[in-house]
Amino acid sequence: MNNKLLISCRNMGYSATSAEDFSSETMWDICKLNLDLHAGERISFYFKTEEQKSVLWRLFERKLKPKTGSLRISANTHFHSDQGLLDGLDKGSSMQENLQSRLFEERPWFGGKRKTMDTLMYRLGLIGRIQHLNVNDLSDQHLTRFWTLMLAAAKTRVFMLDRLLPLLDETSMSFLLEWMESFPGSIIVFGEHADFLNAVESRQDKQMVLSRSLFDLVISFTRYGEAKTLINNQKKFIDDK
C-alpha cells in the first residue's frame, strides 16, 4: 500500500496500574492492540467499558503513553474529533459567523463535488432566520445538524467520531453517510453505535449501495481489555465470554 502510514500499534497496552505493580494479574484497560492505519482507511473500535474507550481516545490524542508495546503516530498527523468541533464553537455567535473560521472550507467536498455552504445548509434544513441565531439559541436538533455540517466542512484528513453519532436524526444521519461516501480522509469511530450501523444497513437494503466498505478494520475489546480484530465487517461483534 502506498498510502501514508498514520498510526502503527504493536502489542500496545495500557493499565492504570503503576509499572512497578505489573504482574500476570494486572487488569488491563486495553492490551495486545496491533494495527496499521493508512491515510484514507477507516476503523471502528467496540468497547466493553467506557474506560476502555476513554483510554484509547487519550492515547490517540497523545495525552497518555502506552505501558507496554508501542504507539507511533506519523509526524504532522493531527486528529480532529467531533467533540473538539463542538467545544471550539463561539456559542455567542451565529452559525454563519462560526463558519468563517479558517478551519472550514468555503466550498466543502460533498457527494463527489464541491458544494456551496448554502446548498449544504439547505440540505440540513438550516435555513432562514436559523442561520443568524446565536449557537446558544439553537434547538438541540438544529445544533446537531450544524455539528454534522461542521464535520463535512472541516479542513482535516483524520477524524475521531463518537459523541455526535448517537444524536443524529434521520436528516443528519443521511447527510453524514453521504459525506462519508466521498470523504478522502481517515475516520476512526469509537463505540458500536447501533443506530448508525442500522442506518447503513437500511441504506444498503434500499439498494443505495456504498461505493466502499464502511470500515476497513473493526477491532473489539474483551472485558479483559484484549484486542480482537475483524476485517471488513461492521456487523459482527466478538462477544468473548
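This short talk walks through one predicted model, from confidence to strands to helices.

Some ground rules. Residues are numbered from 1 along each chain as its sequence is written. In this predicted model, local features need pLDDT of at least 70, side-chain atom pairs count only at pLDDT 80 or more, totals for chains, interfaces and linings use all residues, and side-chain values use heavy atoms, with hydrogens and water left out.

Confidence first. pLDDT is the predictor's confidence in each residue, from 0 to 100. The chain averages 87, and 86% of the residues score at least 70. Among the elements, helix H5 has the highest mean, 97, and helix H7, residues 194-205, the lowest, 73. Over residues 232-241 the pLDDT is below 50. That stretch still has 29 contacts (heavy atoms within 4.5 Å) beyond near neighbours in sequence. Where pLDDT is low, the predicted coordinates should not be read in detail.

Now the strands. Elements here are DSSP runs, numbered from the N terminus: helices are H or I with at least four residues, strands are E with at least two. Take S3, residues 42-46. Five of its five residues are buried (under 20% relative accessible area, 1.4 Å probe, protein chains only), so S3 is largely enclosed by the rest of the structure. Arg 42, Ser 44 and Tyr 46 point one way; Ile 43 and Phe 45 point the other.

What does S3 pair with? Pairing needs at least two DSSP bridges between two strands. S3 pairs in the parallel sense with S9, residues 186-190, over four bridges. There, Ser 44 stands opposite Val 189. Four bridges also join S3 to S10, residues 217-221, again parallel. In S10, Leu 217 is the bridge partner of Ile 43.

On to the helices. In H1, residues 50-60, the buried residues are Gln 52, Lys 53, Val 55, Leu 56, Trp 57, Leu 59 and Phe 60. Arg 62 follows H1, with a positive phi near 65 degrees.

Next, H5, residues 140-153, and H6, residues 170-182. Their axes, lines fitted to C-alpha atoms over the stretch in contact, come within 10 Å and cross at roughly 5 degrees, on a scale from 0 to 180 between N-to-C directions. H5 and H6 are therefore roughly parallel (under 35 degrees). The contact includes Leu 149 and Leu 151 of H5 and Phe 175 and Trp 179 of H6.

Last, Gly 84, in helix H2, residues 82-87. Buried or partly exposed? Partly exposed (20% to 50%), at 38% relative accessibility. Gly 84 and Met 160 are 76 residues apart in sequence, yet 9.5 Å apart in space, C-alpha to C-alpha.

Key
Angles under 35 degrees count as roughly parallel, over 145 as roughly antiparallel, 65 to 115 as roughly perpendicular and the rest as oblique.
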